[in-house]
Each structure stands twice: as structure tokens, then as C-alpha cells.
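Biologist: Could you walk me through a model and explain the words you use for it? I would like to hear the reasoning behind each label.

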Amino acid sequence: MTAVRPPRERAPTWPGYADLLARAATTGPGPDGVELERLRSFGEQAAADGTTLRGLVVHHLSRARAAWPAGTVEGERALAAVQLAVEALCEGYERAQRLAVRQEESARREFIDDLLYGRGDPVRLAERAERFGLRLSHAHAVATAEGPVRYAEGDSVPRRVERAVTGRFGERRILLTTKGGRMVCIAPGDQCQVLAYFAEQAHAATGGGRGAVGRPHPGAGGVVHSYEEALQALDLADRLDLEDPVLHAADLLVYPVLMRDRRAMAELVRATLGPLLKARGGPGPYLETLTAYFDAGCVTSRAARHLSLSVRALTYRLQRIHELTGSDPTDPRHRYSLRTAVIGARILHWPERKVCTKAQRDGGRQIGV
């Protein structure tokens, strides 16, 4: 049974191609610089019109075969002309493809900037999102990851992470990019496994970097909100020395609540921990002791091991904190205010950073919290 061949693609022919072949076969000269540039331009137009490169090349080769002279010398000349012509056609075609890729990437970057920064008309933004596989009428969540260096689009690490994510979940409705030196992934809110996998792959690819996942929110504004939550989670991880490789904003909601009134938090830190400024060596060792003690569930032996101290040395520090501040870390009545103040101090970078409380601001002075 004879196989049925698919119909050949109808491709356009450069108008001067037949004359070029005839001239090359009879007089010798192949295409000159002007003709080669016209062939490149023709290849660009063919690409823009939807003609495949294969169709363009096969069609021109078939025309060359039809015009092939019988003589050996003439044949060599025609062959050389065909080679130059086809190369020029392909160069023009590839030039058009590179331009299309640059234009597509430019449009993509512009869309991502507008989306993550909440710029532009929401209706128009939703229309543009469809082009990149996002439906902003649904909820979306954003994950971001950082490593030891800043990453840009096209770097090896972001490419490796993108291949891992798209290889497992496909490209549909997932948008990966870089922003501010970090890797970013946007996915539908009901596909939390995509974002978790992205953060895990980023952690592995960066050799110990950290990822954060925002909560799902609806609409274009929801993408901005989720992105800000992910960035805030990374910032909190740095301030609080959190060791988790993947953070979830939903697990850290207590910290934004605590810091919603920064003025009140500054007052609490100043009033509760301010006396530690008088301690020999400064408040650093005592803040470290309180952090380890609370993180250990207020178990003295576990906190001592974490700090490489004896239980006796740790107990002495806790007693000294009680003497200086009037708050006893071992007393349940004092623990909550002490622990909240310690969290506030770490977020506010106290005492290194200068912060004005309301009373100090009213008095026109700026001193430590």
C-alpha cells in the first residue's frame, strides 16, 4: 500500500529568484549584496506571514532544481547561487524570529511589572493576563525565592528552576520570572503544590537559598497582595533569623499583626527591654538568651544546649534579666510581654537602629527605643 504524502506547503518565491539563477548559470555572478539583503527582507516577511522555514527552503530548492542547467560548470555556478540565496533567506527568517522573541519578552516584562506593582487599568490588565495564561478573575498566589546572589532573567539558576517546574506541571497558567534579583512564580490559588515545589527547587538550586509563599487572593490586586506577603515573609525571616527554607505567609500572620502599630511596639520594647542597655556588654547576650529560651519552649536545659552554655550560666542570665527589667522570664505572667518585646526588638533591629517613640518625637529628640 502506497503511503499518502501530506500536501506540500504553499510558500512564496522571491520575485527575482528565477533571474538570479539564470544569470548565475550563464554569466557566472551570484547574488550581490543588494540581492542578498532583499532575500533577507523577503525571509523576514515570509516569517511574518506565517510561512515555516522548512516550507520556504524546500520551495526555493525545488525552483532551483527546475532551473538546473545540464552543464557541469553552469551547475556549479547555480549551486553556489542557491546556497547563498538560501542562507540569506534563512538569516532573514531568523532575524524576524529574534525580533519577535525580543518583542514578546519586552511585552512579558512590562506586563509582569504592571501586575506585581499594581499599575494600569484592571480591565486591560486582565485582558493582557489571558495572553500569558493567567485568569485574574480567579485567585492567584505568588512565591518568591532568593539566594546568595541577585538573579536576572536568563541566568542559569532561574532557568534550572523553570525547567523543573514546567517539566512537572507544564506551562499552562504558571508564570515564572525574576524581579528585584529574586525568582518569582505566579500560579492559581488552588495549585499551592506548584508554589511549594517552586520554592523547594529554588532552595536546592541556590545552594541553601530561601523561598516564601504568599496567600491566594482574587483579582489583579490580589497578585500584588500575595507578592507583598511573600516579600514580607522573606524580610521577617532575615530579621527573626528563621531557619525554614520555605516560609508560608499564612504561618507568619501574627507578626504583621504585632507590628501593625509600630509606635506601640516601639514603646513596649523601650519600656520592657530598655533597662538591658545598662547591662555590662550591652543587651545582645540577654536578647539572645531570651530568644533561645522562648524558642526552646522555656526549657532551660534545651536553651542552654542551643547556646552552648551550662544550665547554671543560663539560669544566671535569666535571673539577671529579672533584676534589670523587673520581668521574670520563668513567670508565665511576664512571659507574653517579654516574648512580644523580644520579637519587636528583632523586627525593629533594636538597639542598633534608632527609632522615635511618640513622646520622643513630640519632644523633638531621637534616641534608641
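What follows is a friendly exchange about how helices pack here and how some residues earn their labels.

Biologist: What kind of model is this, and how many helices and strands does the protein have?

Modeller: This is a predicted model. Its secondary structure comes to 15 helices and six strands. Of the 369 residues, 44% are buried, and the protein exposes about 20300 Å², with carbon and sulfur atoms supplying 51% of that area.

Biologist: Let's start with H11 and H12. Why are these two helices called oblique to each other?

Modeller: H11 covers residues 284-295 and H12 covers residues 300-307, and they pack at about 130 degrees with their axes 8 Å apart. Roughly perpendicular ends at 115 degrees and roughly antiparallel starts over 145; an angle of about 130 degrees fits neither class, so the pair is oblique. The crossing of H11 past H12 is right-handed.

Biologist: Which residues of H11 and H12 meet?

Modeller: From H11 come Glu-288, Thr-289, Ala-292 and Tyr-293, and they meet Thr-300, Ala-303, His-306 and Leu-307 of H12. That contact has four nonpolar, three polar and one charged residues.

Biologist: Thr-289 is in that list. How do you know whether Thr-289 counts as buried or exposed?

Modeller: The cut-off for buried is under 20% relative accessible area. Thr-289 has 0%, so this residue counts as buried. Thr-289 lies in helix H11, and leaving aside residues up to four places away in sequence, Thr-289 touches Leu-307, Leu-314, Arg-317 and Leu-318.

Biologist: H11 also packs against H14. What makes that pair oblique?

Modeller: H14 is residues 332-347, and the angle between H11 and H14 is about 120 degrees, with axes 10 Å apart. Since roughly perpendicular runs from 65 to 115 degrees and roughly antiparallel needs over 145, an angle of about 120 degrees makes H11 and H14 oblique. Their crossing is left-handed. Leu-290, Thr-291, Tyr-293, Phe-294 and Asp-295 of H11 meet Arg-335, Leu-338, Arg-339, Val-342 and Arg-346 of H14. By class, these residues divide into five nonpolar, one polar and four charged.

Biologist: What about H6 and H7: at what angle do their axes cross?

Modeller: H6 (residues 156-169) and H7 (residues 192-205) cross at roughly 145 degrees, and their axes come within 9 Å. The crossing is right-handed. Residues of H6 in the contact include Val-157, Val-161 and Phe-169, while those of H7 include Val-194, Tyr-197 and Phe-198. The contact of H6 with H7 has 10 nonpolar, two polar and two charged residues.

Biologist: Now the loops. What makes the phi of Cys-298 and of His-349 worth a remark?

Modeller: Most residues other than glycine have a negative phi. Cys-298, in the loop between H11 and H12, has a positive phi near 65 degrees. His-349, in the loop between H14 and H15, also has a positive value, near 55 degrees.

Biologist: Why is His-349 called partly exposed?

Modeller: Partly exposed lies between the 20% limit for buried and the 50% limit for exposed. His-349 is at 28%, so the label is partly exposed.

Biologist: And which peptide bond is cis?

Modeller: The bond joining Trp-350 and Pro-351 is cis, with omega about 5 degrees. Pro-351 lies in the loop between H14 and H15. For background, most peptide bonds are trans.

Definitions and conventions:
Residues are numbered from 1 along each chain as its sequence is written. This is a predicted model: local features need pLDDT of at least 70, side-chain atom pairs count only at pLDDT 80 or more; totals for chains, interfaces and linings use all residues. Side-chain values use heavy atoms; hydrogens and water are left out. Axes are lines fitted to C-alpha atoms, for helices over the stretch in contact, and angles run from 0 to 180 degrees between N-to-C directions. Helices (H or I, at least four residues) and strands (E, at least two) are DSSP runs, numbered from the N terminus. Angles under 35 degrees count as roughly parallel, over 145 as roughly antiparallel, 65 to 115 as roughly perpendicular and the rest as oblique. A crossing is left-handed if the near helix is turned anticlockwise from the far one by less than a right angle, and right-handed if clockwise. Contact means heavy atoms within 4.5 Å. Ala, Val, Leu, Ile, Met, Phe, Trp, Tyr, Cys and Pro count as nonpolar, Asp, Glu, Lys and Arg as charged, and the others, Gly among them, as polar. Buried means under 20% relative accessible area, exposed over 50%, partly exposed in between (1.4 Å probe, protein chains only). Accessible areas come from the Shrake-Rupley method with a 1.4 Å probe; for residues, only the protein chains shown count as cover.
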